[in-house]
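Welcome! Below are a few exercises with worked solutions, to be read side by side with the picture. Take a look at the structure, then try each task before reading on.

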Amino acid sequence: MTALAPGENRPAPGDELTVTVASSASVDVSALLLNSAGVVRSDDDFVFFNQPTGPGVVYRHGNGGPDVVQVRTSALPADVDKVVVTASLDGRGPATFASVGQLTATIGSGATALTFPIPGLTTESGVVCVEIYRRNAAWKVRAIGQGYDDGLAGIASAYGVNLDDEPETPAAQSSPGGAPAATAGYPQQGVGAPTVPAGQPGQFAPPPGQPPAHPYPPAGAPAFPPPTGQPGYGQQPGGPAQQPYPSFASQQGAQSVHSDLFDPSHAEVTGLGIQKQGGKMVKVGLNGEVMARSGSMVAYQGDLQFQALGSGGIGRAIRQHLTGEGVPLMKVTGRGDLFLANSAADVHIIDLDGTDGLTINGANVLAFDSTLRYDIGRVQGAAGYASNAGLFNCVFTGRGRIAITTHGTPVVLTVDQATFADPNAAVAWSSSLQTGIKRNDSFGLGRLMGRSTGEASTLSFTGRGFVIVQPSELPPGGLIGGTGGGHQAGTGGSLFG
């Protein structure tokens, strides 16, 4: 085995190379395929835990051992001149490489191996270990060891990976009348707010060029009336009804089904966009696209397509991996009706008009219009603590509608004076508010002996806005779920006593 010094280069020991990065701390290994300008050709050239394959390059998780990147130089595209292999701390151990022991990159092919013990790292949380580069018609390897204080995100950004995950707004399509078609039932940026038809609170008016949706049946009328010429259940021809239950008549002439389930209160709501369907479900009247929590679909009608998006892009995938926060997303497109729910949690609708954002735990997000942008940010003033919104949480901005969930019926507090909430009960709040931690229990003999009020610390809110507080101190997902959104739970609320 040959050891390399920083900056030293050698001929690649073979066509099929295995790059292994070993460390005393847990690290994430990734690779970037670069063109002659030293940047990626597209985001597809970033090979990492959430995108494990690229042309000629494969990432393999170590499963308890070191992560591995396999490079086949003969399979690399002609316009790829270099592959750099990186390592970054994954947030489960030290914050910087200063407290990490030896970090070693090994490039092997067959019986030949080149090793590079990376020296001199201090404040960095990410490092470019080695590069495999094309020189004339041959491939060579070079020991790099360049550190980055902002970890994997900093490395990716330096090599041209787009960490701004804002989806492209689809071009407006013209209807036969010349008006743009609605997307996800909500107006595009710059269009006036949706109108609410008289007598139908919370329902959108149909877009221009489409006939109005049928309203609910009148109170007391069956949701599904019996066929013409046939009396309803318990009703004699020409006489009054004797049975209050409405009926659902089969179109094949079979015996009708009778139940209070066919009362109008159980009928599906009408109109486009995200709307409440009862207290624990939303219906999306879809003519375009909507973003929804993965796995939240309970039913749909029409022609809809479902596309898994992970956490919604490379940048958010990195931040979700490092923070435990995010929303596992699917994009639903087409025309039809989509019904969503999450473990029978209470559902609420919030409309954002673009003047303020919404800060919320990812586990409480059910669906949102694609016109909204979301990112993962740190809770201000909460460093070293955790809450229902976590040390990190999701911040939604822009103009559109979002459906959120709570455990029980919440209260919405208007923040016009100093406001405090239990960290596990605060679900969401105005992004313009300032947050902090207020410690309530004094530290004395009682606390040393294990006595506490149970309200050791609270989240504080100042400024002008609102805070949504649920009547439960269970973190999202229950006692074993912890806080944090996305595919896995984050930090529980135990630090608050």
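**Exercise 1. A salt bridge and its partners**

With which residue does D15 form a salt bridge, and how far apart are the closest N and O atoms?

*Solution.*

Before starting, note that this is a predicted model, in which local features need pLDDT of at least 70 and side-chain atom pairs count only at pLDDT 80 or more, while totals for chains, interfaces and linings use all residues. Residues are numbered from 1 along each chain as its sequence is written, and side-chain values use heavy atoms, with hydrogens and water left out.

Step 1. Recall the term: a salt bridge is a side-chain nitrogen of Lys or Arg within 4 Å of a carboxyl oxygen of Asp or Glu.

Step 2. Find the partner. D15 pairs with R72, and their closest N and O atoms are 4.0 Å apart.

Step 3. Place both residues. D15 sits in the loop between β2 (9–11) and β3 (16–23), R72 is in strand β8 (residues 67–72), and 57 residues separate the two. Strands here are DSSP runs (E, at least two residues), helices are runs of H or I with at least four residues, and both are numbered from the N terminus.

Step 4. Look for a further partner. E16 also forms a salt bridge with R72, with 3.5 Å between the closest N and O atoms. Because E16 lies in strand β3 and R72 in strand β8, this pair ties together parts that are 56 residues apart in sequence.

Step 5. Put the pieces together: D15, E16 and R72 are linked in a network of salt bridges.

**Exercise 2. Buried, partly exposed or exposed?**

Is E131, a salt-bridge partner of R142, buried or exposed?

*Solution.*

Step 1. Learn the cut-offs: buried means under 20% relative accessible area, exposed means over 50%, and partly exposed is in between (1.4 Å probe, protein chains only).

Step 2. Warm up on the network from the previous exercise. D15 has 31% relative accessibility, so D15 counts as partly exposed. R72 at 43% is partly exposed, and so is E16 at 48%.

Step 3. Turn to the pair in question. The closest N and O atoms of E131 and R142 are 2.3 Å apart. This salt bridge links E131 in strand β12 to R142 in strand β13 (residues 138–148), 11 residues apart.

Step 4. Apply the cut-off: E131 has 7% relative accessibility and therefore counts as buried.

Step 5. For the wider view, the structure holds 12 salt bridges.

**Exercise 3. Two loop residues and their contacts**

Which residues does L121 touch, not counting those up to four places away in sequence?

*Solution.*

Step 1. Locate L121: look in the loop between β11 (112–117) and β12 (126–135).

Step 2. List the contacts (heavy atoms within 4.5 Å). L121 touches F97, A98, L103, V127, G145 and G147, leaving out residues up to four places away in sequence.

Step 3. Check the exposure. L121 is buried because its relative accessibility is 15%.

Step 4. Compare sequence and space: S99 and L121 are 22 residues apart in sequence, and their C-alpha atoms are 9.3 Å apart.

Step 5. Repeat for D45, in the loop between β4 (27–34) and β5 (46–47). Apart from neighbours within four places in sequence, D45 contacts A31, L32, L33, V40 and P55. With a relative accessible area of 2%, D45 is buried.

**Exercise 4. Phi values in two loops**

What is the phi of N136 near?

*Solution.*

Step 1. Find N136 in the loop between β12 and β13.

Step 2. Read the angle: phi is near 60° for N136, a positive value in a residue other than glycine.

Step 3. Add the exposure. N136 has 74% relative accessibility, so N136 counts as exposed.

Step 4. Try S343, in the loop between β19 (329–340) and β20 (346–353). S343 is not a glycine, and its phi is positive, near 55°. At 74% relative accessibility, S343 is exposed.

**Exercise 5. Cysteines**

How many disulfides does the structure hold?

*Solution.*

Step 1. Start with the chemistry: a disulfide is a covalent bond between the sulfur atoms of two cysteines.

Step 2. Apply the cut-off, a pair of cysteine sulfur atoms within 2.5 Å. The count is 0.

Step 3. Look at two cysteines. C129 is buried at 0% relative accessibility, and C394 is buried with a relative accessible area of 0%.
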